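Trainee: I should like to go through this model and ask how each description is justified. May I begin with the charged pairs?

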Amino acid sequence: MKNKTKKSLLLLVFCISVCMASGCGKGSGSTDNKGERKIIYVGHNQPADHPTNLGMLAFEEYIEKELGDKYDVQVFPNELLGSQTDMVQLTQTGAIDICVASNAIMETFSPAFTLFNLPYLFTSVDAFYAAMEDESITEPIFSSTDGAGFSVVTWLDLGTRNFYTVSRAIEKPEDLRGLKIRVQQSATNVEMMKRLGGSATPMGFGDVYTALQSNIIDGAENSEIVLTANGHGEVCKYFSYDMHQITPDSVIVNNKFLEGLPEEDRETFEKGFALINQVERENWDVSVAEAKKRAETEQMVQFIYPDTKPFQELCSPIHEEYLKSNPEKQPIYDKIQEYNTYYAAESK
């Protein structure tokens, strides 16, 4: 049985079980069989040892320690509840309560998130952290999905996104010509590949390994952790630090569930959401170092450090076009540039 079929069956079984547990219409946060605790369904697409899952497990432990008599948090990694798109839709309807969504998916719900998807928006990880901790930058963007049935409660660090390929090292933009590169399902990412000369191939994350293995695509773009944890380094032998994006993932929560929490419980959940961010970030650098070591020693991946300036120059018109279409985002964009300038000066 193919992976897609297995996931579809798992998703069907899950939806049926949620429907039975909640009485088919009582909303998210269904009550368990004993009628004592509400089951909170949490889904994401990363493996069990990924920093995202470690953050979610810390959230589960914290909520159950503080409010274990009321809530039973159940975390489902590895796309067990479906693709990210499936999970976002299920969170919208309240079939599940919490999930993680990529910025590319968030872009489809609100054009405000396109800002974070712009290639080379951030010049360094330090500038990215500073911007993401500045509520004058994040709040207008995060709140833009409130009408979609879910709210963004925190963000997650995904490091830098870089190209990795099967048979050709990417040392300059010209090396992408003729290559089919998997990108996230986002208009901005498709435009980025067009500007850089490659052929964008949008597809769900769960399909990437098979597509690489069967030569449907020539490469993908993501972090060192994804390269190793998802087996992509078994096929792709060149990882190029072009650093074209630093984008956050969003932790989203069904609005009805969130608004239905008693005030004292809501405060605890807010602390739990902050804990997800804290634990995920604490584990990120360690996991990246381990992933890179494994890629080099076990998967025999070669790491390449190209000059990023030619890539940046080709992508700069995307910034101009975005700001021309979204002039109200200019102040946020300018604030991010201030952080870029500050941290560039700090590094000298």
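Trainee: Why are Arg195 and Glu191 of helix α8 (residues 187-196) said to be separated by about one helical turn?

Mentor: The two residues are 4 positions apart in helix α8, which corresponds to about one helical turn. A helix here is a DSSP run of H or I with at least four residues, a strand is a run of E with at least two, and both are numbered from the N terminus. Before we continue, note that this is a predicted model, in which local features need pLDDT of at least 70 and side-chain atom pairs count only at pLDDT 80 or more, while totals for chains, interfaces and linings use all residues. Residues are numbered from 1 along each chain as its sequence is written, and side-chain values use heavy atoms, leaving out hydrogens and water.

Trainee: What makes the contact of Arg195 with Glu191 a salt bridge?

Mentor: The term requires a side-chain nitrogen of Lys or Arg within 4 Å of a carboxyl oxygen of Asp or Glu. For Arg195 and Glu191 the closest N and O atoms are 2.9 Å apart, so the criterion of 4 Å is met. The pair also belongs to a network of salt bridges that links Glu191, Arg195 and Glu321.

Trainee: How many salt bridges does this rule give?

Mentor: The count comes to 12. One of them joins the side chains of Lys70 and Asp265, at 3.2 Å from N to O.

Trainee: Why is the pair of Lys70 and Asp265 said to tie together separate parts of the sequence?

Mentor: Lys70 lies in the loop between α2 and β3, whereas Asp265 is in helix α12 (residues 263-297), so the parts brought together are 195 residues apart in sequence.

Trainee: Which of the terms buried, exposed or partly exposed applies to Lys70, and which to Asp265?

Mentor: Buried means under 20% relative accessible area, exposed means over 50%, and partly exposed lies in between (1.4 Å probe, protein chains only). Lys70, with 31%, is therefore partly exposed, whereas Asp265, with 1%, is buried.

Trainee: What makes Glu221 and Arg161 a salt bridge?

Mentor: Their closest N and O atoms are 2.9 Å apart. This pair links distant parts of the chain, with Glu221 in strand β9 (residues 219-222) and Arg161 in strand β6 (residues 161-165), 60 residues apart. Glu221 has a relative accessible area of 0% and is buried; Arg161, at 3%, is buried as well.

Trainee: How do you know that helix α2 (residues 51-67) agrees with its expected span?

Mentor: The expected span is 1.5 Å times one less than the number of residues. For the 17 residues of helix α2 this gives 24 Å, and the end C-alpha atoms are 24 Å apart, so the two values agree. The buried residues of α2 include Met56, Phe59, Tyr62 and Ile63.

Trainee: Why is helix α6 (residues 125-132) called largely enclosed?

Mentor: In helix α6, 6 of the 8 residues are buried, so the rest of the structure largely encloses this helix. Among the buried residues are Phe128, Tyr129 and Met132.

Trainee: What is notable about phi of Asn78 and of Tyr120?

Mentor: Asn78 has a positive phi of about 60° although it is not a glycine. Tyr120, also a residue other than glycine, has a positive phi near 60°. Asn78 lies in the loop between β3 (71-76) and α3 (84-93) and, at 39% relative accessibility, counts as partly exposed. Tyr120 lies in the loop between α5 (114-117) and α6 and, at 11%, counts as buried.

Trainee: Why does Cys315 count as buried?

Mentor: Its relative accessibility is 0%, so Cys315 counts as buried. Cys315 is found in helix α13 (residues 309-325). The C-alpha atoms of Cys315 and Glu191 are separated by 8.8 Å, although the two residues are 124 apart along the chain.

Trainee: Where is Glu135 found, and is this residue buried or exposed?

Mentor: Glu135 is found in helix α7 (residues 135-142). At 62% relative accessibility, Glu135 counts as exposed.
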